[in-house]
Structure formats: C-alpha cells, structure tokens
Amino acid sequence: MKEIKITQTLITFAIGIAIWLIPAPEGVTNEAWHLFAIFVATILGIILKAAPMGTMCMIAIALTALSQVLAPGDPGKSITLALRGFGDKVIWLIGISFFIARGFIKTGLGNRIAFLFVRIFGKSSLGLAYGLGLADLVLAPAVPSNTARGGGIVYPIMKSMSMSFGSMPEQPETHRKLGAYLTLNCYNANLIASSMFLTGTASNPMCQKFALNLGIKISWISWAIAAIVPGLVAFFVIPFVLYKIYPPELKKTGDAPQFAAQKLKEMGPISRNEWMMLLTFFILLFLWMTGDLFSIDATSTAFIGLVILLLTSVLTWDDVKAETGAWDTIVWFSVLVMMASSLNELGFIGWFSDLVKDQIGGLSWQIAFPIIILVYFFSHYLFASATAHVAAMYAALLGVGISIGIPGLLLAFMLGFIGSIYGTLTHYGHGPAPVFFGSGYVDLKSWWIKGLITGLVMLFIYMVIGGLWLRLIGYF
C-alpha cells in the first residue's frame, strides 16, 4: 500500500460519490453529471496524491466504462469510448516527442549545447544565467518534458557550475554566492521556454485539444508566433529582475567559460549520433513550421523524427520501451483528454459557461478577460500538477470567456501561456520544481516570495505585451 494513501483515497472517493448522488442540475443530463463526478474525483486524487496519476486514470477508465455514462445501455460501446483517448493524435505527438527528447540526453547533444552557451556567455553570473536559459530555450521545441529538459540537462550543469565557484548545497552560508540565483533563474527560464512552443511542455497539446473542441484551431507555428514576443521579453527581463531582488554575491564568473571548454574537450568531437540527432532536430522544426504547406500534421512529423532516430540507431527499440515517462504521459494524458472532451460533448462545459455568464455577463470582455486570467493564475496555489490544473480549468474558463465575448484565440493562447508560467509561484508548481528546489539552494520562504514577484512580472509581460502583440498580428 506504499503508493496508495488511505486517507487521501477515502476523501477522493467520498467527494466523488457525494457529487454522483446529488441530482443533476437543470440543463445537465445524468450522464454528464456522473462523468463530472468521476472527473472531479480523478483530479482531486491527483492533487491530493492519493495514488500515482496513472493509477487514478486507470480507475477513471474503469468507472467510466462500468457506469456507461458515455453510452447508456451499451457496455461494448462504453469501453470503446472510454479508451478513445488513446487514439487521439495529440496524445501521440507528446508521447513521441518524449522519445525524441531521449535522443538529446542519450547522445549528449543536450549537454554539449548547454556547455556551448556557458562558454560564450558565462563570464558573469548574469551572463551565466542567460547562457543556461538559452540552452533550455533552444532545446524546448523538441524536448516536451520540461522536467527532463530542466532537471536532466540544465540542472546538473547549473549545480556543477555553482559548486565550482564554492556555492555548495550542503553549506547554507554559501548558497547566495551563486547557487540560489542560478536555481531560480534556470527554473523560471524553463517555464518561459515551456510557454513558447506547443511542444515545450506536456500540457500545451492538451490546451490545443481543448481549444479545438470549442472550435479554435491552434497549430505548432501559430503557437510559436503568438508566444515569440512575450516569451523573449520575459526571457530577457526575468534574469535581470532576479539579479536585482535576489542577487548573487559573486558577480564575476570568469572561470566558467574555461570550465565549459574543459567539459566540451572531455566530450570530444561531435559524434555521428549527435550529428544525426541535430539533423533530426532541424527536420522536425522545419516540418512543424511548414507542415501545413505539405499537408503533414505535427504528429506525423513526430513519427518521422522517431523513425529517423530508430533507423539510424541513435535510438533503439529498447530505449523506446524504457522511456517510462513517455508511456506514463500517454496513459494519463489520454484519460484526462477523454473525460474533458466527453464533458464538452455531453454539454456540461456549455452549461457551465452559461451558468457563469449569467453571473458576470454584464461585464465587458475587456474586464472579464483579466479576471479570468487572474483566477486561473492564482488558483495554481491549489494545484501540485500543472496538467491537473489545465485539465480541471482550461476548457471551462475558455468556454466561459468565449460565451462572454472574449476573442477565442486571445483567451486560448493566454490561458495556454499561463499554464506554464504559473509554475513560478510555488516549489511544487511544475514538473521541474521539485528537482530545482531539492538542490537546497533556495529556502521555502524565498522561493514563494520571489516566485510571486517573478510571477507578477511575467503575468504583466504576457497580458500586456503579449496582448498587444496578438492584436498587432491580427489574432483578434
């Protein structure tokens, strides 16, 4: 019973059963209400960590099929509909991208890129921060696991750099020398990079799917275009903000370029597998950006990239089988998307949107828009999973905003961007957070206070500068 927490499990099922037993509100079918009960219990179980996310989602599939909420009186069709999420192309886009990301780690190309940026920019602590951030940014389009990107590639290099300058995790008096500043900077840079690409973090394609359910089409290139200006502004502003509010004691890091150069020397010349990985990376970017011209969608492009890596032996099938994070993501992603999409099809999202609209329908969309964004942003204090937060609130808030009159693309993109940057608020706010916080360089109080400040700065950048940019390019 190590993975199953009894108290949290009892709370989860008790709340789910309570919602189930409440009569469906007027305008909501019993099937939609009962699926909502299963959905709430699943999200609550994930938040409370009653069981691993995959376990909660398997329970959700079983309950959805057994209760026949998707096909009353037809058990065969019920299980088919409960499993349909596994056939969704968006699910496989993100799953295959995880496999491709393994190539960056296995070949060492990810580390090589990071050390190259450190060698170029690492003469000062601020420059070092930008260099490590640029490494994350360059890898983000093809490495959708921001935990693998931040925790597996950038974090070890950041920690090595800090320790080489005498900022030791086990010596609190040395934390502010360099390690604390680089920790917060690398984490925030990771979140910004995650917001800038559809494949930047696992929850972004979920936003794309939910938006499509409401008639809003988002492509890889349209996401990148929408995010490029606010993302780059945030990328250059946040390290400087942290440099002012949480400055490192060590300002000059002149030895960092030499350290990086030594590491690059130890790695030797670029290997054949690194060249193939680099070629595949550029093929992926090219097809993701121009796929519409060739009638090749993003998921087909991801398959092409994976096949190239397998045929060239950069990856083996054993590597694919061993990528447990990808398979785990495919499972829970499929189930959450299935339930959220089904709630929309059963009319629950529309009913909820109308309900909220009745309460705030008198507001102009210009006033309702920031209210919705702020609610979504600050409610993340309640979530230990960005994915659970997106699954719970993205579609509902998007539906509410559209019903009020907020331009669909504006709200869809802004909620999508917020789904990354709200991770700055807490030490559990996004996948890489426990890795960086676990270094011990930043105490809890500092993390939350600095996280609130950087969060407010990023919120301003994305809403104001990002909003003006979306207006300028005609997205609303």
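These exercises walk through pockets, salt bridges, a surface patch and backbone angles in a predicted model.

**Exercise 1. Describe the lining of the largest pocket.**

Step 1. Start with the space: the largest pocket holds about 690 Å³.

Step 2. Find the residues. There are 30 in the lining, and those nearest the centre are Met-53, Thr-147, Trp-332, Ser-385 and Gly-431.

Step 3. Place the lining on the fold. Helices α5 (89-107), α8 (146-164), α16 (324-345) and α19 (386-404) each give at least two residues.

Step 4. Sort the lining by class. It has 15 nonpolar, 11 polar and four charged residues.

**Exercise 2. Work out which classes of residue line the second largest pocket.**

Step 1. Take the volume, about 500 Å³.

Step 2. List the residues closest to the centre. Among the 25 in the lining, these are Phe-36, Phe-352, Ala-392, Met-393 and Ala-396.

Step 3. Name the elements that supply two or more residues: α2 (30-48), α16, α17 (348-360), α18 (365-378) and α19. Helix α19 contributes the most, seven residues.

Step 4. Count by class. The lining has 25 nonpolar residues, with no polar and no charged ones.

**Exercise 3. Trace the salt bridge between Glu-345 and Arg-84, and decide how open each partner is.**

Step 1. Check the contact. The N to O distance is 2.8 Å. A salt bridge needs these atoms within 4 Å, so the pair qualifies.

Step 2. Place the partners. Glu-345 is in helix α16, while Arg-84 is in the loop between α4 (75-82) and α5, and 261 residues separate them along the chain.

Step 3. Classify the partners. Glu-345 has a relative accessible area of 54%, so it is exposed. Arg-84 has 33%, so it is partly exposed.

Step 4. Set the pair in context: the whole structure contains eight salt bridges.

**Exercise 4. Is each partner in the salt bridge of Asp-88 and Lys-209 buried or exposed?**

Step 1. Confirm the bridge. The side chains meet at 2.9 Å, N to O.

Step 2. Locate both ends. Asp-88 sits in the loop between α4 and α5, and Lys-209 in helix α10 (residues 204-213), so the bridge ties together parts 121 residues apart in sequence.

Step 3. Apply the cut-off: buried means under 20% relative accessible area. Asp-88 is at 12%, so it is buried. Lys-209 is at 18%, so it is buried.

**Exercise 5. Find the nonpolar patch on the surface and the helix that supplies its largest share.**

Step 1. Name the members. Phe-13, Ile-17, Leu-21 and Leu-63 make up the patch, with about 380 Å² of accessible area together.

Step 2. Find the main source. Helix α1 (residues 6-21) gives three residues, the largest share.

Step 3. Look at one member. Leu-21 belongs to helix α1. Its relative accessible area is 65%, so Leu-21 is exposed.

**Exercise 6. Compare the surroundings of Lys-49 and Ser-295, two non-glycine residues with positive phi.**

Step 1. Read the angles. Phi is about 55° for Lys-49. For Ser-295, phi is near 55°.

Step 2. Find the loops. Lys-49 lies between α2 and α3 (53-67). Ser-295 lies between α13 (272-294) and α14 (298-311).

Step 3. Classify by accessibility. Lys-49, at 47%, is partly exposed. Ser-295, at 69%, is exposed.

Conventions: Residues are numbered from 1 along each chain as its sequence is written. This is a predicted model: local features need pLDDT of at least 70, side-chain atom pairs count only at pLDDT 80 or more; totals for chains, interfaces and linings use all residues. Side-chain values use heavy atoms; hydrogens and water are left out. On a 1 Å grid over the protein atoms alone, a cavity is a set of points where a 1.4 Å probe fits but cannot get out, and a pocket is an open set with protein on both sides within 12 Å along at least five of seven lines; lining residues have an atom within 4 Å of a point. Grid points are joined across faces, edges and corners, and a volume is the space filled by probe spheres set on the points. Helices (H or I, at least four residues) and strands (E, at least two) are DSSP runs, numbered from the N terminus. Ala, Val, Leu, Ile, Met, Phe, Trp, Tyr, Cys and Pro count as nonpolar, Asp, Glu, Lys and Arg as charged, and the others, Gly among them, as polar. Patches are made of residues with over 30% relative accessible area and no salt bridge: like charges are joined within 9 Å, nonpolar side chains (Val, Leu, Ile, Met, Phe, Trp, Tyr) within 5 Å. Accessible areas come from the Shrake-Rupley method with a 1.4 Å probe; for residues, only the protein chains shown count as cover. Buried means under 20% relative accessible area, exposed over 50%, partly exposed in between (1.4 Å probe, protein chains only).
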